[in-house]
Amino acid sequence: VSDFSISEDKYGYIKAIGRVENTTEEEQSLYTVATIMYDANENVIGVMYTYPDKLAPGAKTSFEMSNMVNYNKISFSDIARYEVIAYTYQLQF
């Protein structure tokens with residue numbers, strides 16, 4: 001994940017944008033980018049996520065996510081720190 005930024009929009013929702021790169025040698029189609037937000041006491045206060053499009057090996061794509069659909073709305077000032085991660089699904093049948 002690169003070029004990541006987090007901000008508050010004019011309606012008070014938290015918005016995050018960035019880019020994700022496929023650093024593997026296989027196409028990635030089942031993956032998630034998540035932002036985990038913490039308060040000053042290191043408690044998780046919210047998680048935002050998105051499911052970007054398929055990525056060929058070495059390709060990059062941009063993403064955007066928001067807490068607009070979260071019922072427990074937090075404010076931007078509640079966030080002391082955050083982490084952003086990208087991960088693939090491991091499906092087993």
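**A tour from glutamate 83**

Select glutamate 83 and tyrosine 38: their side chains are joined by a polar contact of 3.5 Å, that term denoting a pair of N or O atoms within 3.5 Å in which, within protein, one must be able to donate a hydrogen and the other to accept it, residues adjacent in sequence counting only if both atoms are side-chain atoms. The model is a predicted one, in which local features need pLDDT of at least 70 and side-chain atom pairs count only at pLDDT 80 or more, while totals for chains, interfaces and linings use all residues. Residues are numbered from 1 along each chain as its sequence is written, and side-chain values use heavy atoms, with hydrogens and water left out.

**Around glutamate 83**

Keep glutamate 83 selected and display its surroundings. Beyond its neighbours within four places in sequence, glutamate 83 is in contact (heavy atoms within 4.5 Å) with Ala34, Thr35, Ile36 and Tyr38. Glutamate 83 is partly exposed, because its relative accessible area is 32%; buried means under 20%, exposed over 50%, and partly exposed in between, with a 1.4 Å probe and protein chains only. For a longer view, add glutamate 26, which is 57 residues away along the chain; the two C-alpha atoms are separated by 25 Å.

**The sheet**

Next, select residues 81-88, which form strand E6 and include glutamate 83. Strands (E, at least two residues) and helices (H or I, at least four) are DSSP runs, numbered from the N terminus. Extend the selection to the open sheet of three strands, whose order is E4-E3-E6 with antiparallel pairing. Its edge strands are E4 (44-50) and E6, each of which pairs on one side only. From one strand to the next, the twist averages 20°, with axes taken as lines fitted to C-alpha atoms and angles running from 0 to 180 degrees between N-to-C directions.

Now select strand E3 (residues 31-38) together with E4: they pair in the antiparallel sense over six bridges, where pairing requires that DSSP find at least two bridges between two strands. Valine 33 can be picked out here, standing opposite threonine 50 in E4.

**The whole chain**

Finally, show the full chain, which has six strands and zero helices. Its C-alpha trace spans about 40 × 30 × 20 Å along the principal axes. Of its 93 residues, 31% count as buried. Among contacts with a separation of 6 or more, 66% are between residues 24 or more positions apart.
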